[in-house]
Amino acid sequence: MVSVDYLVIGSGIAGLTFAIKIAEKFHDKTVLMVTKSDEEESNTKYAQGGVAIVLDTNKDSFDKHIRDTQTAGDGLCEASVVEMVVKEGPKRLQNLIQWGIDFDRNVKGNLNLGKEGGHSEFRIVHYKDITGYEIENTLLKRAYQLANVTILSHHFAIDLITEHHLQIMNPEHISCYGAYVLNQKTGNIKTIKAGSTILATGGIGRVYGHTTNPAIATGDGIAMAYRAKARISDMEFVQFHPTALYSLEEGQSFLISEAVRGFGAYLRNKNGDRFMLDYHERAELASRDIVSRSIDNELKKTGDEYVYLDCTHLDMKKFKAHFPNIYEKCAVLHIDIAKDWIPVVPASHYLCGGIVVDTDGKTSINNLFACGECSRTGLHGANRLASNSLLEALVYAHNIYEYLQVNPTSPGAISIPDWNDKGTRVSKEHIVITHNLKKLQALMRDYIGIVRSNHRLLQAAKHLNLMYKEIEEFYNGAKVNTALCELRNMINVAHLIINQSLDRKENKGGYFNMDNQ
């Protein structure tokens, strides 16, 4: 058994920010980060746009950013949370700059601010069109400089350790004592005891198959917290990014940033019509839920598989400077942005709900915290405003750090049993996993997509229940592996999305049910 002060599960902006801050403050405290892939692989790495922060107080204001966030959230944002996050933004930006992140600046040396859909002003701090990549690499470098931070890559968290594993029945309050973690290279399962456990495990995009998220986004933290009986909320609010580059291939879709529409690009159907003018007064700059649903409606009307993003009227020199990665990707696919329209389609992108936390990042389970996309803070409401996610991750990682400064925890003397896999065997039936994964992803895309209905939701629940029973039986008899655990987690996540969709009787933001009209 390994005993640490802080166990951080996940290595994106949320997990790294907390780890760096707590390790810098307490040199005698141990921080262990576990991540199931290479340490730099996270949703953060693929964030193109940037961080939404009010800096130009002549044209912008906290009130405007608050109003834009609440408008996107369609009345379901928690006002006090929105105000807190927005006003903390400039301070948290300073942390990133101090750690060495090189954001784009204009000729005067001031930060070059971008504008994205849903924003009324220019307030997106960015590094070209690979902001997340720059943040991830810089934070990792800083974490490696800290002697009391250990990062274990290719280690998969299987389950949180609670009273259930200690055979304490019906505890008055559930507490987290750490996690069981699989070393993916050796197959050994480590028992990690921790004073505090921080879930920073990212999103759920792979549940849908076609997603802008990397393959690791399987909702592991949310599923583990759900099985541990933490409160989970707002799972019906899955955000679909309007403009993923169309591809026939399954897996991660290449994102065409919201900032490209903020830069002036138009959405057109195959006839060349700029159809967003028919759907919303802000046209291409409407919030993501509106743009995604509008594209979905256009595709259903025409039977086409994609619409187009037209950049041909834009200044190409400036475009290449702002979006070099997007320009290069299109060029590789023989799309000349100066002459050709880019084929785009909505793809699963971001989860607005998740593990319920308070403003200190505390979950409903003692000594368990969550931040980043796996958490539900109340900031996003029914639909996230573009580039608010990195801001939220920074603020809540800081808040957890602040809380644990004043309220320290320790691993304690409690004895934790090792992982028990007696009676299990190494399964040779990997086809069971791959078959059910494809079934699950097709089910979610076809039945639980941008536009839903009660009939499809109920049918999906029936199909999912059969899948759940098959995989649980398989899991109970097999030695665990990453693919099996990920599938089990995605089935848990799908269950939450379906059931919380059925519970919602009013269309809001990213949730639209035909039967609620």
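**Exercise 1. Find the residue opposite Ile198 in strand 15, then trace the pairings of strand 8.**

Solution.
- Ile198 stands opposite Phe369 in strand 15. Strands (E, at least two residues) and helices (H or I, at least four) are DSSP runs, numbered from the N terminus.
- This is a predicted model: local features need pLDDT of at least 70, side-chain atom pairs count only at pLDDT 80 or more, and totals for chains, interfaces and linings use all residues. Residues are numbered from 1 along each chain as its sequence is written, and side-chain values use heavy atoms, with hydrogens and water left out.
- Strand 8 and strand 15 (residues 368-370) run parallel, joined by three bridges. Two strands pair if DSSP finds at least two bridges between them.
- Strand 1 (residues 2-9) also pairs with strand 8 in the parallel sense, over seven bridges. Here Ile9 stands opposite Leu199.
- Strand 7 runs antiparallel to strand 8, with five bridges. Tyr180 has Thr191 as its bridge partner in strand 8.
- Strands 7 and 8 form a hairpin with five residues between them. Gly187 in the turn has a positive phi of about 85°.

**Exercise 2. How many residues of strand 8 (residues 189-199) and of strand 6 (residues 155-160) are buried?**

Solution.
- Buried means under 20% relative accessible area, exposed over 50%, partly exposed in between (1.4 Å probe, protein chains only).
- In strand 8, nine of eleven residues are buried.
- In strand 6, six of six are buried, so the strand is largely enclosed by the rest of the structure.
- Strand 6 pairs with strand 7 (residues 178-183) in the antiparallel sense, over five bridges. Asp159 stands opposite Tyr180.
- For the protein chain, buried residues make up 60% of the 517 residues.

**Exercise 3. In what order do the four strands of the open sheet lie, and which helix packs on the sheet?**

Solution.
- The order is 10-13-12-11, with antiparallel pairing.
- Strand 10 (238-245) and strand 11 (266-268) are the edges; each pairs on one side only.
- Neighbouring strands are turned by 45° against each other on average, direction ignored. Axes are lines fitted to C-alpha atoms, for helices over the stretch in contact, and angles run from 0 to 180 degrees between N-to-C directions.
- Helix 7 (residues 288-302) packs on the sheet, touching strands 10, 11, 12 and 13. Contact means heavy atoms within 4.5 Å. The helix direction makes about 65° with that of strand 10.
- Strand 12 (residues 307-310) pairs with strand 13 (residues 342-351) over three bridges. Val307 has Val344 as its bridge partner.
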